[in-house]
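Reader: Please take a close look at the interior of this model. I should like to know where empty space is enclosed, what surrounds it, and how the neighbouring side chains are packed.

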Amino acid sequence: MISFVIPAYNEAKCLAATLDSIQAAANCLALDYEIVVADDASTDATAVIAAATGARVVAVSNRQIAKTRNDGAAAARGDRLVFVDADTRVNAEVLRAAMAALDAGAVGGGAKPVFEADAPRYAHIAIAFVTGSMRWMNLAAGCFVYCTRAAFEAAGRWDERQFAGEELFLSRALGRQGRFVMLRETVLTSPRKFHGRTAWQTLWLSLKLMAQGFRGTRRRESTQFWYDGRR
């Protein structure tokens, strides 16, 4: 069985589209699957929307995405895990490629995320640069990561010390377990964190975090780009 694990905090605006995309892709490929939504103390209709689509809702209260993903994975029943962010839409092509990679012996991998068309121009440039660099280093973006259950557990799961950048650590840890495959196929993700911020504001936030290194990614107050509550 394939378990799709979705961490969610106040995702009522995006979650239905994400769930619909997973169900359409999985059904198209006739996969045996489940969807687990780890609802991280949402105050909106996130849990209601998830349950209405048939997803299994796991209630947690972490406000930290790595631990929430781990809690969702712990509740999942599948021997293959696909972590999808609540604002990211998958398709049959990327899912087919991920399953083919696992069938061929890979332990896991990721796919290239692209922004929806309404993203600011600088955001399209930024994501292309960042994901291109990550692909060159064989690192997955956190919005779509697939792996076997066995490799995930052997890798130590998501690093709960991290408030951001946790996908870099998991990518490396999975890569030590075997072949880690970055797919050519793409997933569509929301540019919401770039709306309302200028290119200079985004650059400044990024430079401040980079100056702190991994000390910064382990502090909530340094990672407000992800934890400012914007939805």
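Author: The account below begins with the chain as a whole and then moves through its interior. This is a predicted model, in which local features need pLDDT of at least 70 and side-chain atom pairs count only at pLDDT 80 or more, while totals for chains, interfaces and linings use all residues. Residues are numbered from 1 along each chain as its sequence is written, and side-chain values use heavy atoms, with hydrogens and water left out.

The chain contains 10 helices and eight strands (DSSP runs numbered from the N terminus, helices being H or I of at least four residues and strands E of at least two). Of its 231 residues, 52% are buried (under 20% relative accessible area with a 1.4 Å probe and protein chains only; over 50% is exposed, and partly exposed lies in between). Of the contacts (heavy atoms within 4.5 Å) that join residues at least 6 apart in sequence, 76% are between residues at least 24 apart.

One cavity of 30 Å³ or more is found. A cavity is a set of points, on a 1 Å grid over the protein atoms alone, where a 1.4 Å probe fits but cannot get out, and its lining residues have an atom within 4 Å of a point. Points are joined across faces, edges and corners, and the volume is the space filled by probe spheres set on them. The largest cavity holds about 40 Å³, and its lining consists of Ala111, Lys112, Pro113, Thr131, Met134, Arg135, Leu139, Ala141 and Met182. Strand E6 (108-115) and helix H5 (121-136) are the elements that give two or more residues to this lining. By class, six of the lining residues are nonpolar, one is polar and two are charged (charged being Asp, Glu, Lys and Arg; nonpolar Ala, Val, Leu, Ile, Met, Phe, Trp, Tyr, Cys and Pro; polar the others, Gly among them).

The largest nonpolar core (buried Ala, Val, Leu, Ile, Met, Phe, Trp, Tyr and Cys joined through side-chain atoms within 4.5 Å) has 34 residues, and Phe4, Ile6, Phe144, Tyr146 and Leu183 have the most contacts inside it. Two or more residues of this core come from each of strands E1 (2-8), E2 (33-40), E4 (80-84), E7 (144-148) and E8 (180-189), and from helices H1 (15-28) and H4 (92-103). H4 supplies the largest share, eight residues. Beyond its neighbours within four places in sequence, Leu183 is in contact with Val94, Ala97, Ala98, Gly110, Ala111, Lys112, Arg135, Phe144 and Tyr146. Another core, of 22 residues, lies apart from the largest one and includes Val5, Ala66, Val145 and Trp158. Ala66 is also one of the buried residues of helix H3, together with Thr68, Arg69, Asn70, Gly72 and Ala73. The cover over these buried residues of H3 includes E1, E2, E3 and E4, as well as helix H6 (149-154) and helix H7 (166-175).

A polar side chain within the interior deserves mention as well. Gln23 belongs to helix H1 and counts as buried because its relative accessibility is 18%. The side chain of Gln23 reaches the backbone oxygen of Thr53 at 2.8 Å. Beyond its neighbours within four places in sequence, Gln23 is in contact with Tyr33 and Ile35 as well as Thr53.

How values were computed
1 Å grid on protein atoms, 1.4 Å probe; cavity = no way out; pocket = protein on both sides within 12 Å on 5 of 7 lines; lining within 4 Å. Polar contact = N/O pair within 3.5 Å; in protein donor to acceptor, adjacent residues only side chain to side chain.
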